[in-house]
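I sat down with this one to look up a helix, a chain-to-chain contact and some charged pairs. Here is what I had open while taking notes.

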Amino acid sequence: MSLTKTERTIIVSMWAKICTQADTIGTETLERLFLSYPQTKTYFPHFDLHPGSAQLRAHGSKVVAAVGDAAKNIDNIGAALTKLSELHAYVLRVDPVNFKLLSHCLLVTLAARFPADFTAEAHAAWDKFLSVVSSVLTEKYR
Amino acid sequence: MGHFTEEDKATITSLWGKVNVEDAGGETLGRLLVVYPWTQRFFDSFGNLSSASAVMGNPKVKAHGKKVLTSLGDAIKNLDDLKGTFAQLSELHCDKLHVDPENFRLLGNVLVTVLAIHFGKEFTPEVQASWQKMVAGVASALSSRYH
C-alpha cells in the first residue's frame with residue numbers, strides 16, 4: 001500500500017496546521033486510547049496515566065512528533081522511522097493490533113479539532129497514512 | 001459484550017438526541033465506502049461510487065445510510081438487550097447479505113469519527129469511550145447469530 005500524490009499533499013498540508021497543536025493532540029489521543037481501550041494501559045504500568053499527568057503529556061508529544069517525522073518524510077517513511085521500527089520490534093513489542101487502536105484515536109482527535117478539514121477524502125488519506133506508519137513500525141516484528 | 005453504566009446510557013442517549021440521522025447516516029456510510037473502498041463490494045447496485053464526491057453525493061448511499069443509523073437509533077433505546085434487538089438483523093446479515101462482521105467494526109469506528117467531526121470538543125474522551133462501547137456492542141450483537 002503506498003500513498004498517492006494527492007494523499008501526500010493532503011497529509012502534508014494538514015500537518016502544517018496540526019503541528020501548532022501537536023502536544024495537546026498527542027495528550028488527547030492517549031487519553032482517548034486509555035479510556036476507550038483500557039487494555040492498552042497494560043503497556044504503561046510504570047506511568048501515571050491520570051489526565052494532566054506530566055508523563056502522559058511527554059509521551060503524547062513523542063508519539064505525535066513521530067507522526068510528524070513521517071509526514072515530513074512522506075516519500076520515505078520507512079527510512080524516517082527505522083529507529084522507531086527497531087524499538088517497537090525488539091524492545092517495546094507492542095502487539096500489532098494496538099496500532100489500529102491508536103491510529104483510530106488520533107483520527108478522532110484530528111476530526112474533533114479540524115472538522116472542516118476532515119473531509120471524506122482527508123479521512124481516507126489519514127487512515128491510509130497511519131496504516132502505512134503502523135506497517136513500518138511492525139515490519140521488523142518477525 | 002460490554003456492560004453499559006447509567007452514565008454510558010445517559011451520554012449515548014443525550015448525544016444521539018442531537019444527531020440528524022439522515023445527514024449522519026449518509027456521511028457515515030459514505031465515508032465507509034470512501035475510506036475502505038473494498039466495502040463497496042456489497043453495493044454493486046448503488047451506481048456511481050467512482051470518487052469521494054460521487055460516493056458522498058450518491059442518493060442511494062444517503063438513503064441506505066439513513067436506514068442503517070435509524071436501526072442504530074432503535075438499539076439505543078434497548079442498550080440492555082442489544083442481542084435481542086439485533087437477532088433478526090444478525091441472521092439477515094449472515095444468511096442473506098453475507099457480510100463479514102469486520103465490516104460492523106469498521107462502520108462503528110467511522111460513525112465515531114463522524115460524531116467527533118460534528119460535536120468537536122463536546123466529543124470528549126469520556127464521551128468517545130461510551131460510544132466505543134456502544135458500537136462494539138452493536139457489532140457483537142449483529143454477529144451473534146452467525147453460523
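My entries follow, topic by topic.

**Ground rules**

I am working from a predicted model, where local features need pLDDT of at least 70, side-chain atom pairs count only at pLDDT 80 or more, and totals for chains, interfaces and linings use all residues. Residues are numbered from 1 along each chain as its sequence is written, chains are lettered from A and ligands numbered from 1 in the order in which they are written, and side-chain values use heavy atoms, with hydrogens and water left out.

**Confidence**

I checked the scores before anything else. Chain B averages a pLDDT of 96, and 99% of its residues score at least 70; pLDDT is the predictor's confidence in each residue, from 0 to 100. For the complex I noted an ipTM of 0.91 and a pTM of 0.95.

**Helix 2 of chain A**

I looked up residues 22–36, which make up helix 2 of chain A, 15 residues in total. (Helices are DSSP runs of H or I, at least four residues, and strands are runs of E, at least two, numbered from the N terminus.) From first C-alpha to last, helix 2 reaches 21 Å, close to the 21 Å expected at 1.5 Å a residue; the expected span is 1.5 Å times one less than the number of residues.

Why is helix 2 of chain A largely enclosed by the rest of the structure? Because 11 of its 15 residues are buried. (Buried is under 20% relative accessible area, exposed over 50%, partly exposed in between, with a 1.4 Å probe and protein chains only.) Among the buried ones I wrote down A:Ile25, A:Leu30, A:Leu33 and A:Phe34, but also A:Glu28 and A:Arg32. They pack against helix 1 (5–18), helix 3 (54–72) and helix 6 (97–113) of chain A, together with helix 8 (125–143) of chain B.

A:Glu28 and A:Arg32 turned up again: they are linked with A:Arg113 in a network of salt bridges. (A salt bridge is a side-chain nitrogen of Lys or Arg within 4 Å of a carboxyl oxygen of Asp or Glu.)

**Where A meets B**

Chains A and B bury about 1,600 Å² between them, 62% of it on carbon and sulfur atoms. (Buried area is the accessible area, 1.4 Å probe, that two parts lose on being put together, summed over both.) In chain A, A:Arg32, A:Ala120 and A:His123 lose the most area to chain B, together 29% of what that side buries. Helix 2, helix 6 and helix 7 (120–138) of chain A each give two or more residues to the side that touches chain B.

The contact (heavy atoms within 4.5 Å) takes 18 residues from chain A and 21 from chain B. How many salt bridges does the rule find across the interface? Zero.

**Salt bridges elsewhere**

I get 14 over all chains. A:Arg8 and A:Asp75 pair at 2.4 Å, N to O. A:Arg8 lies in helix 1 and A:Asp75 in the loop between helix 3 and helix 4 (77–80) of chain A, so the pair ties together parts 67 residues apart in sequence. A:Arg8 is partly exposed at 23%, whereas A:Asp75 is exposed at 63%.

In chain B, I found B:Arg145 with B:Glu91 at 2.9 Å, N to O. B:Arg145 sits in the segment after helix 8 and B:Glu91 in helix 6 (residues 87–96) of chain B, 54 residues apart.

My last pair is B:Glu102 and B:Arg105, at 3.2 Å, N to O. Both lie in helix 7 (residues 102–119) of chain B, three residues apart, about one turn of the helix.
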